[in-house]
Structure formats: structure tokens, C-alpha cells
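Please explain this structure to me step by step, as you would to a student who is meeting protein models for the first time.

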Amino acid sequence: MKYYEVEFTLSPISADACDLLAALAGEAGFETFEETETGLKGYVQQALFDEETLKTALEDFPFEGVTVSYDIREAEDKDWNEQWENEGFEPIVIPPSIIIHDGRHLPDPSLFTSNSSLLTSIEIDAKLAFGTGTHETTRMVCSELIQYAHDARVLDCGTGTGILSICALKLGASEAVGYDIDEWSVDNARHNAVINQVDDHFTALLGDASILLNKVEGQFDLVLANINRNILLADMPLFRQKMAPSAHLILSGFYIEDIPMLTDKAASLGLTLESQKQDNGWACLTFCCKK
């Protein structure tokens with residue numbers, strides 16, 4: 001996948017101003033940041049970069065007396081996850097019954113006790129794709145799946161590593177269809193479905209939400225989308241079209257401050273907020289169709 005590297009310069013610089021800048025840039029699609037002597041260096045997928053949103057946010061930067069400028073260049077075309085892929089990640093437990101791990105760091109055998117049948121074990125081999133369970137948003141969506149996945153036909157919007165589809169299938173979903181704009185992610189999701197032995201019930205497609213109009217048949221009992229706020233707002237009408245009459249929609253990938261905007265959009269589409277979670281400033285919302 002292709003990235004932009006954006007050098008942000010703040011004058012004067014402060015930790016609080018950098019934190020706010022990172023939050024605002026996240027709304028324009030930025031994924032990661034590095035601190036610099038003059039501000040931040042941010043990385044964003046070229047396909048997801050929304051420069052107009054970034055410009056608008058910086059024009060109204062709420063720190064009085066602070067100016068923000070930036071310079072955009074193409075990031076070096078390399079495997080940005082190479083070190084992570086080589087090192088892997090420690091097993092992640094999502095209470096009460098999900099554990100996510102890679103092939104290098106196996107779960108503690110003590111977890112597999114007489115209650116092992118209640119444990120949902122998911123192995124993720126991430127190759128240039130988002131979704132290992134280490135991020136708050138992924139963990140919150142997985143925890144919601146415990147309640148909603150059983151017997152559900154699942155649509156996974158922006159599937160990444162396929163972790164949400166795989167989790168849903170291991171929790172008893174009947175079928176999962178995922179899509180992603182990145183070819184690496186689609187291939188990685190298919191690979192992870194195979195190593196978790198759920199590939200017979202999982203389909204991964206390349207494309208954006210427009211494929212819901214002509215490549216994805218039928219309706220779904222459960223729609224999942226862990227994407228940034230602006231894409232959620234733009235694509236929610238298409239998600240709604242694919243929801244069965246009693247379906248649920250689980251959204252994450254945004255900040256607590258974005259909740260009113262997303263609930264208003266959902267309400268305009270005939271969806272009611274059923275529950276919400278938050279973790280370290282990130283939010284997860286579950287909606288149902290209005291009765």
C-alpha cells in the first residue's frame with residue numbers, strides 16, 4: 001500500500017498542541033505519528049487521505065497563537081510493518097472468552113483448562129494490514145461480537161486482516177463477507193481465514209463500499225465497520241441498504257467526540273443506538289433497526 005509522509009510544524013510547539021493535532025489529523029485518515037523537534041510526522045494511506053478535511057481542521061485549530069503548517073511527500077515504498085511482522089505481538093485477552101495471538105507467541109497453556117470449549121482462540125498473521133486486536137477499536141468490536149455473532153450473516157466493511165470476520169465466525173456466525181480497498185489486506189484476510197480454519201465460510205473482496213451495490217448479494221444480520229469517521233459517515237447509507245430488518249450495525253474507528261455526529265447520521269437512516277463502549281478516547285457504537 002502507498003503512504004504519504006506528512007511533516008507537521010507547530011509554532012510554538014507543546015505536547016498538548018501535538019496531541020490535538022494528532023486527533024484532528026486522524027479524522028483525515030492518518031494512522032500513525034512520530035514526534036519531531038518541531039511537531040509531528042504523520043503517515044496516511046494515499047487512498048484514504050482527505051486533505052480538505054485536514055485543511056479545514058487546521059484553519060480552525062483551537063490553540064490560540066499556535067500556527068500549524070505541513071509538507072506532504074510520498075513515503076518510502078517499503079514494508080512498514082516489517083519489524084512488527086518479525087517480532088509479532090503478545091497474546092491479547094478480550095474478556096470473557098476471546099484470546100488473539102500470532103504464530104510466534106502462543107497463549108499460556110493454563111488458559112486451556114476444563115473450560116477450554118468456552119475459549120475463542122484467534123491466530124492473526126498480519127501482513128501490511130490493520131487489525132491484530134492490539135488497538136482499542138478492534139478489541140471493543142470483538143467484545144460486542146460475543147453477543148451478536150451467533151448464527152449471523154456478517155458484512156465486514158474494511159476487513160483489514162479479517163480479524164472481525166474470523167472472530168464472528170469462531171463465535172458461531174454462519175457466513176462472513178469482507179471487503180477492503182487494499183489488495184494486501186484482502187490477501188492477508190484470506191490467509192488468516194485459512195489458518196483459523198474458517199475459510200469455507202469467509203469471502204474477501206477487493207474494493208470500496210460501492211461494491212455493495214453490485215458484487216455483494218443479499219442482506220446481513222450484522223454489519224461491522226472499524227474505519228475512520230469520515231468514511232463511516234459517507235458509507236453508512238450503503239451499510240443500511242445491506243441490513244436485514246432485525247440487523248445490528250457495529251461501528252468503531254473514531255473518537256468519543258465523534259459520537260453525536262455518527263448517532264445523528266444513523267438516526268436519519270432509521271437506526272437506534274443500542275449500546276456504546278469507550279476505551280482510551282476511542283468509541284464503539286452498536287445500532288439496531290427501529291422497530
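A walk through the model

The model is a predicted one, and a good place to begin is the lining of its second largest pocket, where, sorted by class, there are six nonpolar, two polar and three charged residues. The residues concerned are Ile13, Ala15, Cys18, Asp19, Ala22, Phe33, Glu34, Glu35, Thr36, Gly39 and Leu40, and the space in this pocket comes to about 170 Å³. At least two lining residues come from each of helix 1 (15-26), strand 2 (30-35) and strand 3 (39-45), while helix 1, with four residues, gives the most to the lining.

Just ahead of helix 1 in the chain there is a detail of the backbone to look at, and some background helps here. Most residues other than glycine have a negative phi, and most peptide bonds are trans. In this model, however, the peptide bond that joins Ser11 and Pro12 is cis, with an omega of about -5°, and Pro12 itself is found in the loop between strand 1 (3-11) and helix 1. A second backbone detail concerns Asp151, which is not a glycine and yet has a positive phi of about 65°; Asp151 sits in the loop between helix 4 and strand 8 (153-157).

Helix 4 leads on to the way helices are placed against one another. Two packed helices are described by the angle between their axes and the distance between the axes. For helix 4 (residues 136-148) and helix 5 (residues 163-170), the axes come within 10 Å and cross at roughly 20°. Because angles under 35 degrees count as roughly parallel, helix 4 is roughly parallel to helix 5, and the crossing of these two helices is right-handed. On the side of helix 4 the contact involves Thr138, Val141, Cys142 and Leu145, which meet Ile163, Leu164, Cys167 and Ala168 of helix 5. Seven of the residues in this contact are nonpolar and one is polar, with no charged residue among them.

A further pair is formed by helix 7 (residues 229-241) and helix 8 (residues 259-268), whose axes come within 10 Å and cross at roughly 5°. Helix 7 and helix 8 are therefore roughly parallel to each other. Where they meet, helix 7 brings Arg229, Leu232, Leu233, Met236 and Pro237, and helix 8 brings Met261, Leu262, Lys265 and Ala266. The contact of helix 7 with helix 8 has seven nonpolar residues, no polar ones and two charged ones.

Methods: Residues are numbered from 1 along each chain as its sequence is written. This is a predicted model: local features need pLDDT of at least 70, side-chain atom pairs count only at pLDDT 80 or more; totals for chains, interfaces and linings use all residues. Side-chain values use heavy atoms; hydrogens and water are left out. On a 1 Å grid over the protein atoms alone, a cavity is a set of points where a 1.4 Å probe fits but cannot get out, and a pocket is an open set with protein on both sides within 12 Å along at least five of seven lines; lining residues have an atom within 4 Å of a point. Grid points are joined across faces, edges and corners, and a volume is the space filled by probe spheres set on the points. Ala, Val, Leu, Ile, Met, Phe, Trp, Tyr, Cys and Pro count as nonpolar, Asp, Glu, Lys and Arg as charged, and the others, Gly among them, as polar. Axes are lines fitted to C-alpha atoms, for helices over the stretch in contact, and angles run from 0 to 180 degrees between N-to-C directions. Angles under 35 degrees count as roughly parallel, over 145 as roughly antiparallel, 65 to 115 as roughly perpendicular and the rest as oblique. A crossing is left-handed if the near helix is turned anticlockwise from the far one by less than a right angle, and right-handed if clockwise. Contact means heavy atoms within 4.5 Å.
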